[in-house]
Every structure is written in structure tokens, then in C-alpha cells.
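Student: Hi! Could you walk me through this one, starting with the aromatic rings and then the core and the helices?
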Amino acid sequence: MTSIEQAGTYSLGDRAMNRLGYGAMQLAGPHVFGPPKDKAQAIAVLKETVELGINHLDTSDFYGPHVTNQLIREALHPYRDDLTLVTKVGARRGPDASWLLAATPAELESAVHDNLRNLGLDVLDVVNLRLMFDVAGPAEGDIEPMFSTLANLQRKGLVRHLGLSNATATQVAQARGIADIVCVQNQYNLAHRHDDALITQLAQAGIAYVPFFPLGGFSPLQSATLERVAADCQVTPMQVALAWLLQRSPNILLIPGTSSVAHLRQNVQAAQLTLSPQAVAELDGIY
């Protein structure tokens, strides 16, 4: 058993995922816009992901835009049979690097084709609808026109599985009334736990929960408790934060991002870490 397999697997549709994956967002330039500062390093990180046993890569054609998908294709195409690529549609980037809504039927269909072209695929494994009612977090709004468009593209054979990103529990229920979903991707970590109830509901339905910003995102987690637990375990605080998520619920799939091979290897080592009940209780207190 490799180190990454020690965290177990969970189903993403018809695919068995190692629970610790990789998010490609940080491979683009500053503010997720433009090319990477070091393209060779970005390629090296992607090649290392599959060498470490990661079989779940998260991306989007609006990262860059186009940058991360083109890097993934250059580094990893033709793809290994066990590799699952998960992408997002529903947004676009302005020339000033702003994040803008792109959710008309025509925009969503165009985004699916952009992802197919830049990844070099005939069908996308998983497409998440990234909701933009509020860029900062989930907000209520009718998703039927958008999600029905993706369900139609799924029926046409361009997409295997569907999911949601930045969604409320109400929107998850609405989506499930239109088509099956295999995952929900929302912000969640030690200090940001608004989705506790939703994670439980999804686990009962056999749906994966994929937390983005598992290490705090653009504002890394800072906590004296986290640092103390990490010191006791003789690991890094970020490894503890990832291990806590893995122990939080079996339906959680992680996609921590990094542009560093060394940091990638550290993240994967979190799969081997088992936190004691006392450590988990201390960490739960952070929220």
C-alpha cells in the first residue's frame, strides 16, 4: 500500500478516488491569472501528482484562463486510465482578472467545449457548476436553467458526471431533482465549518464533499491550537489540517493545491497521519 492509499478511497460517480487529490488552481499566475512564473516547475508538480498515486485532479478552464488545463494536457496527456479530471464552469475572467458570471446556456456549452479542447478530451469526467450568486460564498438563487443545460450536455455524451460548487443545501436538493450529482465543492476547513450539516446529508446519500481552500486558501490557517497539535504529532500544521479533514467524514475528498513539488509531497504524507480523539477534540474547538 502506498502512503496516499492509507487514507482510503471514496466513489466519485463510477470512479474510486484516493481521498487525497490535487487542485491545480495555484499553477496559474498571480491571482490565478496568466501563465505560471515557472512553467517547468508547474509541469514537474503535475507529473509528480500521478507518481505519488493521486488520481483526482481538480481544474477549470477559467484558471488562467486556459492556463491550468493546457499545463495538465502538456504534462499528463495521454492520461492514465485511473486519472479523473474534474472541472468547473459558470464563471469567466475579465481582462482585469475579475471573476464574472458566465452561466447562460450558450456560455455553459462553450465552457464545456473549451475544457474538452484544452484538456484534449472527448468527454469530461466530472463538471461542477460553479454558482456565482455571491462570489464570496454560497447564496440562494434558482439554478434550474443552468443545471438543466449541463444535464442536457450530459445526455449528449459530453459529460459523464455532474456536481455543484459554491452551493447551498437548497440548491443541492434542486440539482438532485434535475440530474444525479456526484459531488459538492464548497469552502470548508478547520476554521470554516458552515457546511457541517450538509456534509452529513451528502454522506448519507453517497455523494462526495470536496472542500476547497482546505488549508485556508489565500489566507492560510493560523491557530496556536493547530501549531500545538502539530508539534505534538511532529508534523506540519498543514498536514494536521488535512488529516483532520480526512477524519471528519469518509465522503470528504481533498484537493489541496500547491506550485511546489516539496509541498505536494508534504500534503500527501498527511494520508498517513491518524489524529488521536484528544487531538481531534482540540482541533474542533478552533471553530
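Tutor: Sure, we'll take ring pairs, then nonpolar cores, then a helix pair. This is a predicted model, where local features need pLDDT of at least 70, side-chain atom pairs count only at pLDDT 80 or more, and totals for chains, interfaces and linings use all residues. Residues are numbered from 1 along each chain as its sequence is written, and side-chain values use heavy atoms, with hydrogens and water left out.

Student: How many aromatic pairs are there?
Tutor: The count comes to 5 aromatic pairs. Rings of Phe, Tyr and Trp (its six-membered ring) pair if their centres lie within 6.5 Å; planes under 30 degrees apart are stacked, over 60 edge-to-face, and the rest tilted. Phenylalanine 62 and tryptophan 99 make an edge-to-face pair, 5.8 Å centre to centre with 85° between the planes.

Student: Where do phenylalanine 62 and tryptophan 99 lie?
Tutor: Phenylalanine 62 is in the loop between β4 (56-58) and α2 (67-76), and tryptophan 99 is in strand β7 (residues 99-101), so the pair ties together parts 37 residues apart in sequence. Helices (H or I, at least four residues) and strands (E, at least two) are DSSP runs, numbered from the N terminus.

Student: And is phenylalanine 62 buried or exposed?
Tutor: Phenylalanine 62 is buried, at 7% relative accessible area, while tryptophan 99 is partly exposed at 33%. Buried means under 20%, exposed over 50%, and partly exposed in between (1.4 Å probe, protein chains only).

Student: What else does tryptophan 99 team up with?
Tutor: Ring pairs join Trp99, Phe62 and Tyr63 into a cluster. The charged end of arginine 93 also sits over the ring of tryptophan 99, 3.7 Å from its centre; that label needs NZ of Lys or CZ of Arg within 6 Å of the ring centre and within 35 degrees of the ring normal.

Student: Switching topic: which residues have the most contacts inside the largest nonpolar core?
Tutor: Those are Tyr22, Leu46, Leu76, Val112, Phe147 and Leu150, in a core of 87 residues. Such a core is a set of buried Ala, Val, Leu, Ile, Met, Phe, Trp, Tyr and Cys residues joined through side-chain atoms within 4.5 Å. Helix α8 (residues 237-248) gives the most to this core, with 8 residues.

Student: How do α7 and α8 pack?
Tutor: Helix α7 (residues 224-233) and α8 pack at about 95°, with axes 8 Å apart. Axes are lines fitted to C-alpha atoms, for helices over the stretch in contact, with angles from 0 to 180 degrees between N-to-C directions. The two are therefore roughly perpendicular, a label for 65 to 115 degrees.

Notes: Parallel < 35°, antiparallel > 145°, perpendicular 65-115°, else oblique.
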